[in-house]
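Student: I would like to go through some labels used for this model and ask what each one rests on.
Tutor: Go ahead.

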Amino acid sequence: MASSPDVARTSSPLWKVVGASLIGTTIEWYDYFLYGTAAALVFGKVFFPNSDPLTGTLLSFLTYAIGFAARPLGALVFGHFGDRIGRKKLLVVSLLLMGGSTTLIGCLPTYHQVGVAAPIMLTALRLVQGFALGGEWGGAVLLVSEHGDARRRGFWASWPQGGAPAGNLLAAGVLSLLTAVQSESTFLSWGWRVPFLLSALLVLVGMWIRLSVDESPLFQQALAKAEARKAAQQSAEQPPLVAVLRHHWREVLVAMGARMAENISYYVMTTFVLAYAVTHVHLPKQTALNAVLVASAIQFALIPLFGALSDRVGRKPVYLVGAVGVGVWAFVFFTLVDAKSFGSLLLAVTIGLVFHSMMYAPQAAFFSELFATRMRYSGASIGAQFASVAAGAPAPLIATALLKDYGSSTPISVYVAIAAVITVLAVLCAKETRGRDLAEVDAEVEANAPVAAAAKAVTA
């Protein structure tokens, strides 16, 4: 009999798997957030120089949002093959794609050099970034979730989530350093390219670490069972996407709803705020970057703490407090930013990211515990990445458009609050998954499979 994931044997210790996932996701999010930060501060001037500042920012955020359009495709492709051949192989591919596209962005000619071809090439590389990230998140968190045990899954699975603030910290830190030591003209001429070219070195480090860990033991058990059934000609395995829609469509909807407030608030409070603080409030670029830098460092420390808290009190209570908190804080957030001081800006972003962390930290374990092993990569990725198209993708774009149309931050706060309501309703509809053995989900699906097959035979 196959062992429970709680006792599954693997030659890779859990800390090594966690470290590999954290470092890999940090590099991927560094690449992805670097684009967002540069879109807020640089790309409007470099790739859309003929527009007024706010319109140029709007256009650069449009190319930023386009990357999200490729994330569902990445979720489908990486989810399918990740559920068929394993998590580890697909994580290596995603890292190569992300790092390669980011490095090439650093080599792009500007609008003044090649005209409209420059933003077209920028958009194409952003699509590759989105495709890669669409497959990265699910594989990274599942590799940890499936190596770990039910009792502390929230804590361990939250570490790959720390890759987001760590990547943002690294991206904002590199850009902050460059803007501090370079003049505006030098930075716009070539300095902005340095962080993108640095990605090539980071990818080599990430590849070395990721190749050193083993495949998920729970996936190997599920794969062996599927191959045994196929050899015995008992049943042909359904494609992962079909299996997800048949067995887990409710869970996909829950995951999508749960992502709305988490995703929208994050990009408003870390990406859009840079453009808002510099263009609308007229704070120095360095001040805005430093505030996001410090707040991201604090968030990185908080994520494993909230992950551990979800192991004690449940995924849902922690998630709900974060959703309600971010909906209320959205109205305080811009009031503090409008105060035009570093301290008030730092407080605004930090408290916003505290509430965000309460959603983001338990999310990895929460989503992993919703799906069966042979469709978990597809289910978690589809739920997370399809939601990002409606949530994180247009968030800076919508926020910029609302500011342009109304000249006020209040509509933006209302926008975040509406997302919070959607998330609260979605999480309330979900079952509490804390302490759930992942093998139990597989057993439930296998138990229902004969019933479904019999019903199909009767219908035929």
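Student: How many salt bridges are there by this rule?
Tutor: The count comes to 10 salt bridges in this predicted model.

Student: Why is the contact between K45 and E184 called a salt bridge?
Tutor: The N to O distance between the two side chains is 3.1 Å. The cut-off is within 4 Å, so the pair qualifies. This pair links distant parts of the chain, with K45 in helix α2 and E184 in helix α10, 139 residues apart.

Student: What makes K45 partly exposed?
Tutor: Its relative accessible area is 45%. Buried needs under 20% and exposed needs over 50%, so K45 falls in between. E184 has a value of 40%, and therefore E184 is partly exposed by the limits just given.

Student: How do you know that R87 forms a salt bridge with E146?
Tutor: Their closest N and O atoms are 2.7 Å apart, and that distance is within 4 Å, so the rule is met. Both residues are buried. R87 and E146 also belong to a network of salt bridges that includes D83 and R376.

Student: Where do D311 and R315 stand, buried or exposed?
Tutor: D311 and R315 are both buried. Their side chains meet in a salt bridge, at 2.8 Å from N to O.

Student: How do you know that the span of helix α12 agrees with what is expected?
Tutor: Helix α12 has 15 residues, 217-231, and at 1.5 Å a residue it should span 21 Å. Its end C-alpha atoms are 21 Å apart, so the two values agree. Among the residues of α12, P217, L218 and F219 are buried.

Notes
Residues numbered from 1 in each chain as written. Predicted model: local features only at pLDDT ≥ 70, side-chain atom pairs only at ≥ 80, totals over all residues. Heavy atoms only, no water. Helix = DSSP H or I, 4+ residues; strand = E, 2+ residues; numbered from the N terminus. Expected span 1.5 Å × (residues − 1). Buried < 20%, exposed > 50% of the residue type's maximum accessible area, 1.4 Å probe, protein only.
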